[in-house]
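Hi,

Here is the structure I promised to pass on. Have a look at it first, and then read my notes underneath.

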Amino acid sequence: MRPSPKIRAVPTDAPPPVSATAEVTPRVEASAPVRPARPGRLVRLANRFAPTLTFIFVLAIWEVGCRLFQVPTFLLPPPSVIVRGAFEQSASIWAGHVWATVRVALMGYVVAIAISIPMAIALASSRALSRTLYPLIVVVHSMPIVAVAPIIVVTLGASDLPRVVITFLIAFFPIVVTTTTGLLATPEEMIELSRSLRAGRAREMLHIRLPFALPYIFSALKIATTLSVVGAVVAEFVAAERGLGYFIQFSTSFFKINQGFAALVILVTISLAFFQLISLVQRVFAPWSLPKSER
Amino acid sequence: MSIAAPAIRLAEVGQVFGKDDGSAVTALARLSFDVGQHEFMAVLGPSGCGKSTLLRLIAGLVFPTSGQVEVYGLRVSEPRDDVGIVFQRPTLLPWFDVLGNVTFPLRHKYGRVDAKDRERAKTLLDLVGLAEFADKQIDELSGGMQQRVAIARALLLDPDILLMDEPFSALDALTRDEMSFELLRIWSERPKTVLFITHSIPEAVLLADRIVVMTPRPGAVREILDVPLARPRSLATLSDPAFTALANHIRSRLFTRHAA
């Protein structure tokens, strides 16, 4: 089926759909999901351990498959060899690489928040600003970060600075876009409530729009956790002498694939922990911004 | 009747909205009526007749294209402290608990809330029958309770005038009747000038001293009716022949126009 010309005539000034922000689901008002009747005990047990069991199952297939077909370990090591690989390096060496990556990811993340949220406030406050700034933001985001990274490293020199900038560039976009959306989604009646009290634009932003946007902001902050780890690793691929990204490149160039995999497992753990940390912050400091079922 | 200026005066008010495509929509045309001090005035009309615009004009949130809107003899040029608003939806802020929502006008306006303010808010929660719910979260309340909180919030700055924009239209029928009687009780305890927007004929007749019946867009006054029902009104009022007669009269007037 050919797309109809109508579908093709999408306005070009609209931002392109972004997979990262597509996951953002604003909180649906008041309608908690309808829970089915309480299932039986066996079913509940199965539900509870289903993720773990799936995980163990995949690992088992992997291990058995590798041994059965005698896959060379420098191509695809089985889990047991990866675990062994983790112990081929000392804990202090791992700690050094982990800290290097976490430090850059955190700095980039914090810089992304510090720049993106004021930027979103500016975009939501002024139509002229959003007309001028928004296309620029979209262009910056459209640059493939892996392609830009070497240029940034050359321009900014060999230090943490280019790595933080690269991390920032990949993490800031969902925060800006989603926060702006949240600020502008504030119901008109809430704004009228503010205006009827003549509290001023600053208080309207601080007391009404920003709190209203919190569910959006937290969604963006969660997405940005993963992205900032990606940013740190990409930066290390280009220029670093430390960090898990650097370590993966280094170990694979010596065909120590199992050590590379071990580093990957650590990266995944860092990403998950980072994500959970932000979820925890939301649950502790703004439980109302979560759907009732997740509180 | 006092010789002072009426609480609210609308004189030849017209409101035209420009649309994005360059065309214009006339929401209100030459609308005139007065609301006396402590009078309960219902504004009744079909949806889209500019009732809500009317309320926002008096609230100082929008300004008329032509004509004059006055509160206590002064032209409305910005929102006033002595006018409280209850919106169609409760419009509560889920990041505050119930008490925080009632005190919000003070927090928002002056940046702080002290113990005395909280006491006053508790008195108001008591007035709307929610004394026990001060520290509840908003989503723990039913729709009717949320609208009670909104009424308490609107009363916090002790306004002389209360503007209500179809406040019970989102509630189920039973809660709606209950809220009507609650509002009458609150109004008798705290006399205010009330402008009550509604599209429910029985609601308007039950609550109001007078009813402004509006025409479809562009909204103008079709007629202003006195409600000849004694106060205090109760469930018995609903079966009063005068109640039924007036409701039928309004209904027939609204429908003959459509038939013509």
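**Where the two chains meet**

R198(A) and E78(B) form a salt bridge, with 3.7 Å between the closest N and O atoms. Bear in mind that this is a predicted model. In total, 4 salt bridges are counted between chain B and chain A. On top of that, the count of residue pairs in polar contact between chain B and chain A is 12, with both residues at pLDDT 80 or more.

Which part of chain B gives the largest share of the side that touches chain A? That would be helix α2 of chain B (residues 98-110), with 6 residues. Sorted by class, the side of chain B that touches chain A has 12 nonpolar, 9 charged and 5 polar residues.

As for the extent of the interface, 26 residues of chain B are in contact with 21 residues of chain A. About 2,300 Å² is buried between chain B and chain A, and carbon and sulfur atoms give 57% of that area. Three residues stand out here: L61(B), W95(B) and H108(B) supply 32% of the area that chain B buries against chain A, more than any other three residues.

**Inside chain B**

Chain B has an open sheet of 4 strands, in the order β2-β1-β4-β5, with antiparallel pairing. At the edges are β2 (24-35) and β5 (74-75) of chain B, each of which pairs on one side only. Strand β1 (residues 8-18) and strand β4 (residues 66-71) of chain B are antiparallel partners over 5 bridges. If you want a spot to click on, G14(B) has S66(B) in β4(B) as its bridge partner.

Then there is helix α1 of chain B, residues 51-59. Because 8 of its 9 residues are buried, α1(B) is largely enclosed by the rest of the structure. Those buried residues are K51(B), T53(B), L54(B), L55(B), R56(B), L57(B), I58(B) and A59(B); note that K51(B) and R56(B) are on that list. After α1(B) comes G60(B), which has a positive phi, near 80°.

**And chain A**

How many helices and strands does chain A have? There are 12 helices and 0 strands, so to speak a plain run of α from one end of the pattern to the other. Of the 295 residues of chain A, 41% count as buried. Looking at contacts in chain A between residues at least 6 apart in sequence, 73% join residues at least 24 apart.

Cheers

Key. Residues are numbered from 1 along each chain as its sequence is written. Chains are lettered from A and ligands numbered from 1 in the order in which they are written. This is a predicted model: local features need pLDDT of at least 70, side-chain atom pairs count only at pLDDT 80 or more; totals for chains, interfaces and linings use all residues. Side-chain values use heavy atoms; hydrogens and water are left out. Buried means under 20% relative accessible area, exposed over 50%, partly exposed in between (1.4 Å probe, protein chains only). Helices (H or I, at least four residues) and strands (E, at least two) are DSSP runs, numbered from the N terminus. Contact means heavy atoms within 4.5 Å. Buried area is the accessible area (1.4 Å probe) that two parts lose on being put together, summed over both. A salt bridge is a side-chain nitrogen of Lys or Arg within 4 Å of a carboxyl oxygen of Asp or Glu. A polar contact is a pair of N or O atoms within 3.5 Å; within protein, one must be able to donate a hydrogen and the other to accept it, and residues adjacent in sequence count only if both atoms are side-chain atoms. Ala, Val, Leu, Ile, Met, Phe, Trp, Tyr, Cys and Pro count as nonpolar, Asp, Glu, Lys and Arg as charged, and the others, Gly among them, as polar. Two strands pair if DSSP finds at least two bridges between them.
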